Amino acid sequence: MRYWLPMLACAMTLHAEATSAAGFVRASEGHFQRDGKPYTFLGANFWYGMNLGAEGPEGDRARLARELDRLAALGVTNLRILAATEGPESEPWRILPVLQPSPGEYHEASLLGLDFLLKEMKARGMVAVVCLNNFWPWSGGMAQYLRWSGAGPIPYPPPEPGGSWGGYQAYTASFYSNPAAVEASHDLIRMLLGRRNHFTGVRYTDDPTIMAWELANEPRGGANVEAFNAWIERTAALIKSLDPRHLVTTGTEGETLWPRRSGLDLVKNHRSSSIDYITAHVWVQNWGIYDPGRPATFDSAIQVMTAYLERHIEQAKILGKPLVVEEFGFPRDRGRHDPDATTTARDRYYRAVFEVVLEAIRKGEPVGGANFWAWSGEGRPRLPGGHWRKGDAFLGDPPHEAQGWYGVYDTDQTTLRVIAEYTRKIATGRRRPPHTRP
């Protein structure tokens, strides 16, 4: 009996640990696992899901359900979503309504939207990468925290008349060395990680529907690199102290084509033991490689994208952590923005990105998946090529960007076929056994 009781206690402990881990995505030795099986994915950016899920007339829960059904039918299981929007509604180029109108004031209808979104994702077997801040001003983000902390007016970048990208980035990079701004952003993290879902009764920290917490969308160090890396370490450690079961990642672009100017170093930015995996974004039109008015630039775009991702895969090997290509986009043919514009070049580009990811997975390299930017679904722009304003349908293109630029509509049949094809391939793209011929 004295032997049997300890064995029973040990078995009960192991069962409890296995039960508590059920459904959570893990990262180990450069790969993701879920329920003891390899987890690789082709996902989507769906940043406005919380807004659609909002309670009352501010949201559109019927549309949210339809969009999730469409994505599930394509085989998409992973959604990158935004769970933090800040600032007064008087600010330009901003998602509205915001979750945090003023410091420490949280809009409950928006929080219920996040609850509802997670509930509906769980019902479809999906997982979420939850973004907690933003380097860019379209959701408020770091610039708004600086404004609240007395740093002065936000110097908005284009399309703000007279706006400067350089001036905006210099302003926002000061966030990392502003204790009041950082602490205010940490207060939101503490609030979210302490929340219990209104619909499921499950605490966020206990919900395997959440794959990972992401520090911010595309944070850059700029000329404030030391403080930037300290912020990564401190913020990731805070999340891990509150929630040790979920993955944490940075949300950086990787390094861009100008790492020194951007203040980015993939290895240093992801070295922390509190960071579980690596992110990379690739934007061939934004970076001036591809011009939709000059089709001859397409081959250069493919070459730059491929070299960029392969370089990041090599850096992932150094860290032994999985890489996710969590943002990439491509314009419609001839740079048009209307929904009936063709997507021949986009379809070819998507295939090329997916092939890089798939081949890396098949080789056993540290790559976990990709999320295309972005899902527009049934949303349609009020003015193709114009800018979003309150009351317009949410698209994959944020408010400051030309509406219809990168978003994938539910009627883009050729693009949808490419996505559906590769969701299956990437989800099953395990490394070939040594005895299997290629």
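Two strands are said to pair if DSSP finds at least two bridges between them. The structure on display is a predicted model, and the tour below begins with its strands.

**First stop: strand β6**

Select residues 127-131, which form strand β6. Four bridges join β6 to strand β7 (residues 210-214), and the two strands run parallel. To find this pairing, display Cys 131 together with Glu 214, its bridge partner in β7.

Next, add residues 78-82, strand β5, which pairs with β6 in the parallel sense over five bridges. Here Leu 79 has Ala 128 of β6 as its bridge partner. Trace the chain from β5 through helix α4 (residues 108-123) to β6: this β-α-β crossover is right-handed.

Is β6 buried or exposed? Five of its five residues are buried, so the strand is largely enclosed by the rest of the structure. With side chains shown, Val 127, Val 129 and Cys 131 point one way from β6, while Ala 128 and Val 130 point the other way.

**Second stop: Asn 78**

Return to strand β5 and select Asn 78, which lies in it. Asn 78 has a relative accessible area of 0%; because buried means under 20%, this residue counts as buried. Its side chain and that of Tyr 39 are joined by a polar contact of 3.4 Å. Now show the surroundings of Asn 78. Leaving aside residues up to four places away in sequence, Asn 78 touches Tyr 39, Phe 41, Gly 43, Ala 44, Val 127, Val 129, Met 211 and Asn 371. Val 127 and Val 129 were met in β6, where they point one way from the strand.

**Third stop: the largest cavity**

A search of the whole structure finds four cavities of 30 Å³ or more. The largest cavity holds about 90 Å³ of space. To locate it, select its lining: Asn 45, Phe 46, Trp 47, Arg 80, Ile 81, Leu 82, Cys 131, Asn 134, Trp 138, Asn 217 and Trp 373. Which strand gives the most to this lining? Strand β5 does, with three residues. Cys 131, already seen as the bridge partner of Glu 214, is also among the lining residues.

**Fourth stop: helix α6 and the largest pocket**

Move to residues 165-173, helix α6, and colour its buried residues: Tyr 168, Tyr 171, Thr 172 and Ala 173. The buried residues of α6 pack against α5 (141-148). At the start of α6, display Ser 164, whose side-chain oxygen reaches to within 3.3 Å of the backbone nitrogen of Gly 166.

The largest pocket contains about 840 Å³ of space. Of the 35 residues that line this pocket, Trp 136, Trp 165, Glu 218, Arg 220 and Asn 286 are the closest to its centre. Helix α6 supplies the largest share of the lining, five residues. Add α9 (259-262) to the selection as well; α6 and α9 each supply at least two lining residues.

**Last stop: a sheet of three strands**

Finally, display the open sheet of three strands in the order β1-β2-β3, whose pairing is antiparallel. Its edge strands are β1 (25-28) and β3 (37-38), each of which pairs on one side only. Strands β1 and β2 (residues 31-34) pair in the antiparallel sense over four bridges. Select Ser 28 and His 31 to see one bridge, since His 31 in β2 is the bridge partner of Ser 28.

Note on methods. Residues are numbered from 1 along each chain as its sequence is written. This is a predicted model: local features need pLDDT of at least 70, side-chain atom pairs count only at pLDDT 80 or more; totals for chains, interfaces and linings use all residues. Side-chain values use heavy atoms; hydrogens and water are left out. Buried means under 20% relative accessible area, exposed over 50%, partly exposed in between (1.4 Å probe, protein chains only). A crossover is right-handed if, with the strands pointing away from the viewer, the path from the first strand over the helix to the second runs clockwise. A polar contact is a pair of N or O atoms within 3.5 Å; within protein, one must be able to donate a hydrogen and the other to accept it, and residues adjacent in sequence count only if both atoms are side-chain atoms. Contact means heavy atoms within 4.5 Å. On a 1 Å grid over the protein atoms alone, a cavity is a set of points where a 1.4 Å probe fits but cannot get out, and a pocket is an open set with protein on both sides within 12 Å along at least five of seven lines; lining residues have an atom within 4 Å of a point. Grid points are joined across faces, edges and corners, and a volume is the space filled by probe spheres set on the points.
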